[in-house]
Every structure is written in structure tokens, then in C-alpha cells.
Amino acid sequence: MNADGSEQTNITSDDPWINDAPHWSPDGRWIAIETDRYGGGVSIVLITPDGRTEATVGSVAYATWFDSWSPDGKSLLVDSNRGGDYDIYRYDITGRAPIQWDLTQAKIVSDDNAVEGPAIWSPDGKQIALSSNRDGDFEVYVMNADGGPQRQVTHNTVDDVVLDWQSLHDLRAPTVKALTSRGTPGKAITLRFKASDDSGRASVGISVFLGKRPVGYLHTPLKKRSAGHAYTATWHSYNFKGPLRFCAEAYDPSGNESSRSCARIITN
């Protein structure tokens, strides 16, 4: 469907079974769903967005739950009881063979005598975080995606289940709006602006112009900014004659930059 909910297309309308938990692959080629259509517990099926092509992941004789797509969309992690207890497996879509063949070739990621899952790929594809109750309750562990030892992250007596990784890249730029300000040339002038960012913090750079000529610059530190709230910065001006204005640009902790916003400085 579209983001506003319009033009919905039922891609499993010919299937009378329960189909749940859809997960888009990052490259947009597949949607992974969990289904009970095979009668042996939950299985995973990959469906193209138009619903015309399907491929089953692993053996339907065992319960298999979807955990995570790799960032490049070429692999997926599942937890399955195919080994007698729930362990973590990886399936690769190589592109060199029919996808049905690829999805029969399970690679073990983590295998012990406990229940393991879910498992989540890190945004850079280098690590995997997973949950396991190997010490009596569920704890969170981290390992390299290509294998190796696991590092226990949580240590307590309650269940800790991994949900997500922090994003490595903040792609959303902050916002800033310069507000008309007033002051007397030759004295300190309070410049007003609004700024916000999804991280909750932003710094603001301000350039002051006399006509088209820049005559001042100041920079506020990275600090908490809330949408709708007005902030101020003090510019120690000189005794200029002529029209003054200032332009503001906001920066977030990831280095994203807002578009420039300008406003008049009304002088007395």
C-alpha cells in the first residue's frame, strides 16, 4: 500500500492460511512472512512485492521464525528448532542459483543447548546481536557476523531480548528558522531563532549581513533543541548604518546541515 494507506494490494489472497509479520528486504526485492500454511508450525516464505513469486525458507518440517535481513538484502537470519532446540541459522541469496536452492542451504550461526533468538544484524552488517537463555534466563550476546566468539552484553536474573541496533547514520537534517530580531547597532543585539533535530540536539551557526556584505559570525554549541521553542544568541555589533539581517544554519551531532533561514534585524 501507499504510505497513506491507499491502493492496498493483497499479495496472499489465494492463501487461506495465516500469514503474518511481513518484513521488506532492504533492497526491496522480497517480503518475508511467517505462515502456518504447512501445518508443521511456523514457516517462513519469501514473496515478491507483486505476490507472483514465492520461495520457502528451510524445511517446513520444523518451526522457523524470521529474525532479520542483512543490510544488503542478500541474507536473512532465522531461529529454528531443526536441531532439537532453537538455534540461529543464516540463508544466503547468491543470485547464482534458483532462489529455492539457496533457501535450502542453512548456515549455522549460533548453536548450543539453550533456546536462541531473535538475532539482529547490525546496520553495517559486521555484527549480529542475539538472545539466548543459556545461563537460565535470556541475555543479549554480540558476535561477528562471520562467526567467532560471542560477548555477553547483559548480566542479570531477568529476561533480556534483543530488539534493535542503534542506527549508524542519522540521515535527517535539523531544522532552523530565523526570527525577526531588534537591536541597536554598536550594542549587543539578541538574535532569535527556532531550531530542532530528531536527535534532540543541534548547534546553530549565524552569519550577519549589512546589505549583502557579511559583517559578523557566531556559533552556538551543540545543545538541547525542541521544536516550537525560540532560542537566542547574542551578537556584539558595531555601529553600522544600513539594513541588517542574519541567516542561521543548524547542524546535528551526525553533521547533517539544515537549509539556511534568514530574517531582518530591525534597528533603532
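How many nonpolar, polar and charged residues does the lining of the largest pocket have? In this predicted model, that lining is made up, by class, of 8 nonpolar, 6 polar and 3 charged residues. The pocket has a volume of about 490 Å³, and among the 17 residues that line it, T9, N10, I11, P22 and I31 lie nearest its centre. Strands β1 (19-24) and β2 (31-35) each supply at least two residues of the lining, with β1 giving the most, 5 residues.

The interior of the model can be described through its nonpolar cores. The largest nonpolar core has 22 residues, and those with the most contacts inside it are L191, F193, V204, I206, V208, W235 and F246. At least two residues of this core come from each of several strands, including β15 (188-196), β16 (201-210), β20 and β21. A second, separate core has 15 residues, among them V57, F66, W69 and Y89.

The model also holds 1 disulfide, formed by C247 and C262 with their sulfur atoms 1.9 Å apart. The link of C247 and C262 is right-handed, with 105 degrees about the S-S bond. Because C247 lies in strand β20 (residues 244-251) and C262 in strand β21 (residues 261-267), the pair ties together parts that are 15 residues apart in sequence. The two cysteines are set out below by their relative accessible area.

| Cysteine | Relative accessible area | Class |
|---|---|---|
| C247 | 2% | buried |
| C262 | 38% | partly exposed |

The disulfide thus joins a buried cysteine, C247, to a partly exposed one, C262.

Definitions and conventions:
Residues numbered from 1 in each chain as written. Predicted model: local features only at pLDDT ≥ 70, side-chain atom pairs only at ≥ 80, totals over all residues. Heavy atoms only, no water. Disulfide = S-S within 2.5 Å. Helix = DSSP H or I, 4+ residues; strand = E, 2+ residues; numbered from the N terminus. Buried < 20%, exposed > 50% of the residue type's maximum accessible area, 1.4 Å probe, protein only. Core = buried A, V, L, I, M, F, W, Y, C linked by side-chain atoms within 4.5 Å. 1 Å grid on protein atoms, 1.4 Å probe; cavity = no way out; pocket = protein on both sides within 12 Å on 5 of 7 lines; lining within 4 Å. Points joined across faces, edges and corners; volume = space filled by probe spheres on them. Nonpolar A, V, L, I, M, F, W, Y, C, P; charged D, E, K, R; others polar.
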